[in-house]
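This briefing introduces a structure to a reader who has not met it before. Please view the sequence and the model together with the points that follow.

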Amino acid sequence: MTISGGTPDARGGTARQTRAADLRGETAGPSEAGDENPGPGGDATVRRPGIQGWLDGIRSTRTGHLTLKFVIGVIGAVLVIGGLIMVPFPGPGWLVVFAGLAVLATEFHWARRLLEFGRRTLAAWTAWLGRRGWTVRILVVLAAAVAAAAIVYYGLKLSLDIDLIEEARRLLDR
């Protein structure tokens, strides 16, 4: 019985080495060229550079993998929810939503698929708008400006009881 190594699997590495290699997208054991990959603790262990290598190290254990998944999920969810709250207001609402999806896509396949769908939809919308004449483009910009102004006006009126039109009249009457 070996404590650290375990029994070899079909690829020649231990189950832990195989799982860590699968998470990195590599194969455990000898490569096609005949090079030996000694696994953890060996001199020839290849690790990706930068943050990817650091994340691979965290993912190499079950606890680290679950902790990383939880932390990424919380950070991504906060960004997505915060971005969705900011969408109706002037500012980077959609940018924050896409940033949150990008964070979630590092650990969750569904978020990666949703992010790709959003990218395709945005590209299709941009291409459609680019094929239209200046009249349609100006109308789209005006409609977006009117919607943003209405959202700001009613948002301030209903939440803080500030009437921007009355405030503007008071300033003009001075």
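**Aromatic pairs**

The count of aromatic pairs comes to 3 in this predicted model. Two of these pairs are described below, followed by a helix contact and the nonpolar core.

- The ring centres of W125 and W128 lie 5.3 Å apart with their planes at 20 degrees, so this pair is stacked.
- Both W125 and W128 belong to helix α5, where they are 3 residues apart, about one turn of the helix.
- W125 is partly exposed at 43% relative accessibility, and W128 is also partly exposed, with a relative accessible area of 29%.
- For Y153 and Y154, the ring centres are 4.9 Å apart and the planes stand at 75 degrees, so the pair is edge-to-face.
- Y153 counts as buried at 16% relative accessibility, whereas Y154, at 47%, counts as partly exposed.

**Contact of α2 with α3**

- The axes of helix α2 (residues 50-59) and helix α3 (residues 62-86) come within 6 Å and cross at roughly 120 degrees; the two helices are therefore oblique to each other.
- In this contact, L55, I58 and R59 of α2 meet G64, H65 and L68 of α3.
- The contact residues comprise 3 nonpolar, 2 polar and 1 charged.

**Nonpolar core**

- The largest nonpolar core consists of 7 residues, namely V80, L101, L104, A105, F108, A111 and L115.
- Two or more residues of this core come from each of α4 (93-105) and α5 (109-131), and α4 gives the most, with 3 residues.
- Apart from its neighbours within four places in sequence, A111 is in contact with L101, L104 and A105.

Key:
Residues numbered from 1 in each chain as written. Predicted model: local features only at pLDDT ≥ 70, side-chain atom pairs only at ≥ 80, totals over all residues. Heavy atoms only, no water. Core = buried A, V, L, I, M, F, W, Y, C linked by side-chain atoms within 4.5 Å. Buried < 20%, exposed > 50% of the residue type's maximum accessible area, 1.4 Å probe, protein only. Helix = DSSP H or I, 4+ residues; strand = E, 2+ residues; numbered from the N terminus. Contact = heavy atoms within 4.5 Å. Axes fitted to C-alpha atoms, helices over the stretch in contact; angles between N-to-C directions. Parallel < 35°, antiparallel > 145°, perpendicular 65-115°, else oblique. Nonpolar A, V, L, I, M, F, W, Y, C, P; charged D, E, K, R; others polar. Phe/Tyr/Trp six-rings, centres within 6.5 Å; stacked < 30°, edge-to-face > 60°.
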